[in-house]
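Subject: Structure handover

Hello,

Here is the structure I said I would pass on. My notes on it follow below.

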Amino acid sequence: MNVSRPRIDLAAVPLLTQLMVSLPRALLILTCTTFSMPVVQAQTQPNPVHAQLQTQRLGASPAPLDTASPPIDSGWHLELSPYIWFAGAHGTVGAFGRDASVRASTSDLLSHFNFGLLGAAEARHNRFLLTGDLLWVRLSDSSALPFPSLSAISVDARAGQLVWTSKLGYRFIDGKRFKADANVGARFWHLGQKLNFNPSRLGLNLTASQNWADIVLGGRVTLPLGPKASIIALGDVGGWNATSKLDYQFAGLLGYHVRPKWTLLAGYRYLFVDYRSRDGIYNMVTSGALVGLSYRFK
């Protein structure tokens, strides 16, 4: 059986020769162009594993997979931390040229406790922080008077204290094993006293109050103890005879994450102030155990 052989057009031989010569050159240009593409384009490939295997077939060193860390969260973070402070107080208070020593245990303060609101808040954006701490308590007592000539047989005494601390801070160390913040702010004090005499036919009701604010400088460090626990130490100092003679506090807390957004807090807090003015003196230490609960919104 005769098989017909394909005929080769001799006129096409020069064209085939040119294709054979130009094809390797085109592949070389295409290969150089592929390896000169930026890394961003390489990351946009739908299948990076297939691209890496294709690179190995071409004889080049494999390109590393993308191991870049996720972008820094630049949103706002907010935490609210209500707490209870089982504090006692001792010091010196005075008015109208007279001073008196005061000492009250935790049970004494609780027995005369009327109302209180204690809590802390923190807002953070990147490394910047805005913190606030509120202490507001009202105490009262009623006692008989040994002076019947005053036309009053008893007196109701009420005392209120409000301490508000607000600071602007910066987290200059933000590691997984250690965090450190520096802050500056002000602490506002309000002391109020009110005496109501019963009966008050002579108008012997007295009201007095004192208000001042101190600039404070402070810091805070956080040391994680594992995935659930951490130690927090904080403090600040101010006054420097600008308003009060001295105003400082420090606290040590242990935090335990019971839920992803909930943290139990327990520790100790110490607060001291020495304020003197023409109206009187308030030199007082307030200290004791503290327990609280913190909730992180984000």
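**Strand pairing**

In β9, I231 has L254 as its bridge partner. Please keep in mind that this is a predicted model. The pairing to which that bridge belongs is between β8 and strand β9 (residues 246–257), which are antiparallel and share 11 bridges. These two strands make a hairpin with six residues between them. W240 lies in that turn and has a positive phi of about 55°.

On the other side of the sequence, strand β7 (residues 206–224) is joined to strand β8 (residues 229–239) by nine bridges, and this pair is antiparallel as well. One of the residues involved is P224, whose bridge partner in β8 is S230. β7 and β8 also form a hairpin, here with four residues between the strands. The turn contains G226, which has a positive phi of about 155°.

As background, side chains in a regular strand alternate between the two faces of the sheet.

**Three residues in strands**

Is Q249 buried or exposed? Q249 sits in strand β9, and its relative accessible area is 7%, under the 20% cut-off, so Q249 counts as buried. Its side chain makes two polar contacts that I noted. One is with the side chain of D236, at 3.0 Å. Another is with the side chain of R269, also at 3.0 Å. Setting aside residues up to four places away in sequence, Q249 touches K167, R187, G235, D236, R269, Y270 and L271. D236 and R269 therefore appear both among the residues touched by Q249 and as its polar partners.

T165 is in strand β5 (residues 154–174). Its relative accessibility is 4%, again under 20%, so T165 is buried. The side chain of T165 makes a polar contact with the side chain of R187 at 3.4 Å. Beyond its neighbours within four places in sequence, T165 is in contact with T131, G132, D133, A186 and R187. R187 is thus named in the contacts of T165 and in those of Q249.

V291 belongs to strand β11. With a relative accessible area of 37%, V291 falls between the 20% and 50% limits and is therefore partly exposed. Which residue, 206 residues apart from V291 along the chain, has its C-alpha atom 6.7 Å from that of V291? That residue is W85. Leaving out neighbours within four places in sequence, the contacts of V291 are Y83, I84, F86, L265 and A266.

**The cavity**

How many cavities of 30 Å³ or more are there? The count is one. The largest cavity holds about 30 Å³ of space. Its lining is made up of Q161, W189, L271, F272, V273, Y282, M284 and T286. Two strands, β10 (262–277) and β11 (280–296), each contribute at least two residues to this lining. By type, the lining residues are six nonpolar and two polar, with no charged residue. L271 in the lining is also one of the residues that Q249 touches.

Regards

Methods. Residues numbered from 1 in each chain as written. Predicted model: local features only at pLDDT ≥ 70, side-chain atom pairs only at ≥ 80, totals over all residues. Heavy atoms only, no water. Pairing = 2+ DSSP bridges. 1 Å grid on protein atoms, 1.4 Å probe; cavity = no way out; pocket = protein on both sides within 12 Å on 5 of 7 lines; lining within 4 Å. Points joined across faces, edges and corners; volume = space filled by probe spheres on them. Nonpolar A, V, L, I, M, F, W, Y, C, P; charged D, E, K, R; others polar. Buried < 20%, exposed > 50% of the residue type's maximum accessible area, 1.4 Å probe, protein only. Polar contact = N/O pair within 3.5 Å; in protein donor to acceptor, adjacent residues only side chain to side chain. Contact = heavy atoms within 4.5 Å.
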